[in-house]
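Work through the exercises below with the sequence and the model open. Each task is followed by a solution in steps.

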Amino acid sequence: IGDIFNELETREKVCYSDGKLNYASEYFRKFFSSSVQSIVDEVKRVLKSKRCSEVEYILMVGGFSESEIVRDGIKMTFPEIRVINPEDASLSVLKGGVLFGHDPDTVRFRVCPQSYGMAMHEYFNPKKHDLSKSCKVGNTQFAVGCFEKIFEKDEIVEVGQKKTVRVAEDFTGQSEKMRTQNKEIEMYASAAKDPKLISDPGCTLQGIIVVSPPGGRWPEKMKGKITFKVTVTGINVSFMDRYTKSTSGGEIKFSEPKPQAGENPLNRSFRKDDL
């Protein structure tokens with residue numbers, strides 16, 4: 001094995017001795033180049049936001065932060081910011097999880113890593129909608145695949161905070177099965193702050209929002225609002241009918257739904273209610 005390594009172009013950087021590979025320091029650091037650069041790029045992106053314009057400290061936690069190569073990469077890139085690497089940095093995340101488990105109120109705010117929204121459709125308007133992103137039901141043309149934003153990327157959300165989306169649906173002539181079954185709406189995430197369509201670049205399907213009919217049956221002409229309430233560990237969903245004020249529950253299922261062949265594009269969305 002030693003003879004083979006002596007014949008390689010890297011023989012000055014890597015050698016074999018006593019059953020071990022010995023690397024030159026600078027050559028070994030190249031193994032970390034890609035991951036360290038990715039971390040640096042992400043920190044740069046975060047620091048560009050207005051909220052982080054006055055950051056004076058970087059606190060490094062987690063197992064990888066104990067690597068001298070990673071620490072040096074951060075310190076060299078951000079010399080004007082003090083980098084703190086606490087003792088037992090690898091246990092910081094674990095300890096934080098334990099503290100959170102004992103006292104969930106420890107975390108009151110979160111920052112949205114992406115924009116989150118639901119699929120909606122609305123009456124087609126040639127001045128604002130693309131005809132290729134529409135469909136006709138009966139005599140009515142609908143713009144489909146609209147991204148109805150609920151939470152915006154980089155938005156600070158607080159436990160207990162509520163967001164509402166006004167929706168409408170016409171169940172006239174629908175079967176009793178359609179009138180009594182839960183409504184499923186596709187939920188999407190986007191890397192953009194203000195996406196317009198669920199087909200925009202960077203939009204990904206996250207799961208479905210399931211809403212139960214109030215009183216066990218959808219009215220023929222339904223108008224109401226879906227409320228999303230931020231909890232300690234997730235989001236609660238509820239629905240209220242505008243006219244009867246009756247309410248029903250809901251949930252978010254974070255699993256990619258399987259579309260049915262030939263499925264109506266309106267089935268997994270609500271119509272936007274512009275009042």
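**Exercise 1. A surface tyrosine**

In which strand is the place of tyrosine 16? State also how accessible tyrosine 16 is, and find the nonpolar patch that includes this residue.

Solution. The model is a predicted one.
- Step 1: tyrosine 16 sits in strand E1, which covers residues 14–17.
- Step 2: its relative accessible area is 34%. Partly exposed lies between 20% and 50%, so tyrosine 16 is partly exposed.
- Step 3: a patch residue needs over 30% relative accessible area. Tyr16 belongs to a nonpolar surface patch with Ile1, Leu21, Tyr23, Phe28 and Phe31. Together these residues have about 590 Å² of accessible area.

**Exercise 2. Two pockets**

Describe the largest pocket and the second largest pocket by volume and by the classes of their lining residues.

Solution.
- Step 1: the largest pocket holds about 630 Å³ of space. Its lining has 25 residues, and Glu169, Asp170, Gln174, Lys183 and Asn267 are the closest to its centre.
- Step 2: strands E6, E8, E10, E11 and E13 each supply at least two residues of this lining. E13 gives the most, with three residues.
- Step 3: the lining of the largest pocket divides into eight nonpolar, eight polar and nine charged residues.
- Step 4: the second largest pocket has a volume of about 350 Å³. Its lining has 17 residues, with Arg110, Tyr116, Val157, Gly234 and Ile235 nearest its centre.
- Step 5: by class, the lining of the second largest pocket has 12 nonpolar, four polar and one charged residues.

**Exercise 3. Salt bridges across the sequence**

How many salt bridges are there? For the pairs of lysine 272, lysine 221 and arginine 217, give the partner and the N to O distance.

Solution.
- Step 1: a pair counts when a side-chain nitrogen of Lys or Arg is within 4 Å of a carboxyl oxygen of Asp or Glu. By this rule there are 16 salt bridges.
- Step 2: lysine 272 pairs with glutamate 148 at 3.6 Å, N to O. Glutamate 148 is in strand E8 and lysine 272 in strand E16, so the bridge ties together parts 124 residues apart in sequence. Glutamate 148 is buried at 18% relative accessible area, whereas lysine 272 is partly exposed at 27%.
- Step 3: lysine 221 meets aspartate 170 at 2.9 Å, N to O. Lysine 221 lies in strand E13 and aspartate 170 in strand E10, so this pair joins parts 51 residues apart in sequence. Lysine 221 is exposed at 55%; aspartate 170 is partly exposed at 36%.
- Step 4: arginine 217 meets glutamate 176 at 3.0 Å, N to O. Arginine 217 is in the loop between strands E12 and E13 and glutamate 176 in helix H6, so parts 41 residues apart in sequence are tied together. Arginine 217 has a relative accessible area of 38% and is partly exposed.

**Exercise 4. Positive phi**

What is phi of aspartate 154, and what is phi of lysine 245? Place both residues.

Solution.
- Step 1: most residues other than glycine have a negative phi.
- Step 2: phi of aspartate 154 is near 70°, a positive value. Aspartate 154 is in the loop between E8 and E9, and is partly exposed at 23%.
- Step 3: Asp154 is also linked in a network of salt bridges with Lys149, Glu152, Lys193, Asp194 and Lys196.
- Step 4: phi of lysine 245 is near 65°, also positive. Lysine 245 is in the loop between E14 and E15, and is exposed at 52%.

Key. Residues numbered from 1 in each chain as written. Predicted model: local features only at pLDDT ≥ 70, side-chain atom pairs only at ≥ 80, totals over all residues. Heavy atoms only, no water. Patch = residues over 30% accessible without salt bridge, like charges linked within 9 Å, V, L, I, M, F, W, Y side chains within 5 Å. Areas by Shrake-Rupley, 256 points an atom, 1.4 Å probe, with all protein chains shown as cover. Helix = DSSP H or I, 4+ residues; strand = E, 2+ residues; numbered from the N terminus. Buried < 20%, exposed > 50% of the residue type's maximum accessible area, 1.4 Å probe, protein only. 1 Å grid on protein atoms, 1.4 Å probe; cavity = no way out; pocket = protein on both sides within 12 Å on 5 of 7 lines; lining within 4 Å. Points joined across faces, edges and corners; volume = space filled by probe spheres on them. Nonpolar A, V, L, I, M, F, W, Y, C, P; charged D, E, K, R; others polar.
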